[in-house]
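Reader: I've got a fold open on my screen and I'd like to learn how to read it. Can you walk me through it?

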Amino acid sequence: MRTYSVMTRKQKWHDDYWLLLMQIYLRKPAGIKPLYSREMVNLGLELHIPPQVLAAKMQQISSLDTPRIERIWNTYANSPQKLARAAHLLREMKGFGRADEFYEGVELNETWERDWQPLDGQEQLTPVMLILILDLYFRLTPATMVKATPEVQELARLIGISADVVVGLLEVFRYCDPYLRRHTNTANPLIEPCQAIWQRYGNDDTEKLAALAEQLKEYYR
């Protein structure tokens with residue numbers, strides 16, 4: 001997913017973060033969690049660390065990659081209450097999860113976090129939801145971009161919005177579609193965010209978008 005782009009000189013990972021990631025790893029069913037599962041995304045937002053980085057770290061937990069990880073595993077893996085207490089104390093520390101510390105020495109070009117934050121003036125919507133609706137747009141024909149279409153209803157239920165809203169956004173993407181050459185209703189506040197998503201994904205390989213959308217859906221499952 002091309003939503004996180006940095007030129008890293010010194011990226012900080014605190015050893016205490018292993019505790020929080022291990023909590024997620026040990027949740028049933030124990031093991032490596034999907035990249036965009038809700039718990040991985042939420043921890044990433046909390047720590048200001050992209051899910052891709054957390055996923056790589058989780059792989060290290062799975063393989064007990066270093067003596068440090070092995071020691072933490074031996075201390076906490078069979079004592080979930082002890083792990084929960086340690087994680088709680090960590091979160092109470094002053095300055096925990098501060099972005100300015102993690103990004104010390106980093107030139108930030110674009111942050112993945114914006115994709116998970118509500119749109120201005122549209123609290124029920126996020127760019128991630130628009131990405132999923134754009135993927136649906138390429139799966140449907142104009143005649144099926146209606147509330148009664150099962151795929152529309154299914155996506156609406158999954159992401160927690162009404163089918164009417166999904167249909168409205170499909171219509172906005174029709175204005176964004178350069179092949180349709182439709183006149184843009186600039187008064188619609190959703191034109192700008194939808195155009196931004198189209199510019200990122202609408203002119204690329206739809207199969208790549210479909211694969212990304214399938215990963216992103218894990219957050220809502």
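**Reading the fold, step by step**

Author: Sure, let's start with the inventory. The protein chain has 11 helices and two strands. Keep in mind that this is a predicted model.

Reader: In what order do the elements of the protein chain run from the N terminus on?

Author: Going from the N terminus, you read β-α-α-α-α-α-α-β-α-α-α-α-α.

Reader: What percentage of the residues in the protein chain is buried?

Author: Of the 221 residues, 43% are buried. Another whole-chain number looks at contacts with a separation of 6 or more: residues 24 or more positions apart account for 66% of these.

Reader: Now the helices. How do I describe a packed pair?

Author: For two packed helices you give the angle between their axes and the distance between the axes. Take helix α1 (residues 17-26) and α4: their axes come within 11 Å and cross at roughly 60°. That angle is under the 65 degrees where roughly perpendicular begins and not under 35, so α1 and α4 are oblique to each other. The crossing of α1 past α4 is right-handed.

Reader: Which residues in α1 and α4 meet?

Author: From α1 you have Trp-18, Leu-19, Met-22, Tyr-25 and Leu-26, and from α4 Ile-69, Ile-72, Trp-73 and Tyr-76. By type, the residues of this contact are nine nonpolar, no polar and no charged.

Reader: Let me zoom in on Ile-72. Is Ile-72 buried or exposed?

Author: Buried, because its relative accessibility is 6%, and the cut-off is under 20%. Ile-72 sits in helix α4 (residues 67-76). Setting aside neighbours within four places in sequence, Ile-72 contacts Asp-15, Trp-18, Leu-19, Met-22 and Ala-77. Met-22 is 50 residues away along the chain, yet the C-alpha atoms of Ile-72 and Met-22 are separated by 9.0 Å.

Reader: Back in α1, what does Gln-23 touch, not counting residues up to four places away in sequence?

Author: Gln-23 is in helix α1, and its partners are Leu-83, Ala-84, Ala-87 and Arg-91. At 16% relative accessibility, Gln-23 counts as buried too.

Reader: And a charged residue such as Asp-115: where is Asp-115 found?

Author: Look in the loop between β2 (106-110) and α7 (127-137). Asp-115 has a relative accessibility of 4%, so Asp-115 is buried as well.

Reader: Which side chain does the side chain of Asp-115 make a polar contact with?

Author: That of Arg-200, at 2.9 Å.

Definitions and conventions. Residues are numbered from 1 along each chain as its sequence is written. This is a predicted model: local features need pLDDT of at least 70, side-chain atom pairs count only at pLDDT 80 or more; totals for chains, interfaces and linings use all residues. Side-chain values use heavy atoms; hydrogens and water are left out. Helices (H or I, at least four residues) and strands (E, at least two) are DSSP runs, numbered from the N terminus. Buried means under 20% relative accessible area, exposed over 50%, partly exposed in between (1.4 Å probe, protein chains only). A polar contact is a pair of N or O atoms within 3.5 Å; within protein, one must be able to donate a hydrogen and the other to accept it, and residues adjacent in sequence count only if both atoms are side-chain atoms. Contact means heavy atoms within 4.5 Å. Axes are lines fitted to C-alpha atoms, for helices over the stretch in contact, and angles run from 0 to 180 degrees between N-to-C directions. Angles under 35 degrees count as roughly parallel, over 145 as roughly antiparallel, 65 to 115 as roughly perpendicular and the rest as oblique. A crossing is left-handed if the near helix is turned anticlockwise from the far one by less than a right angle, and right-handed if clockwise. Ala, Val, Leu, Ile, Met, Phe, Trp, Tyr, Cys and Pro count as nonpolar, Asp, Glu, Lys and Arg as charged, and the others, Gly among them, as polar.
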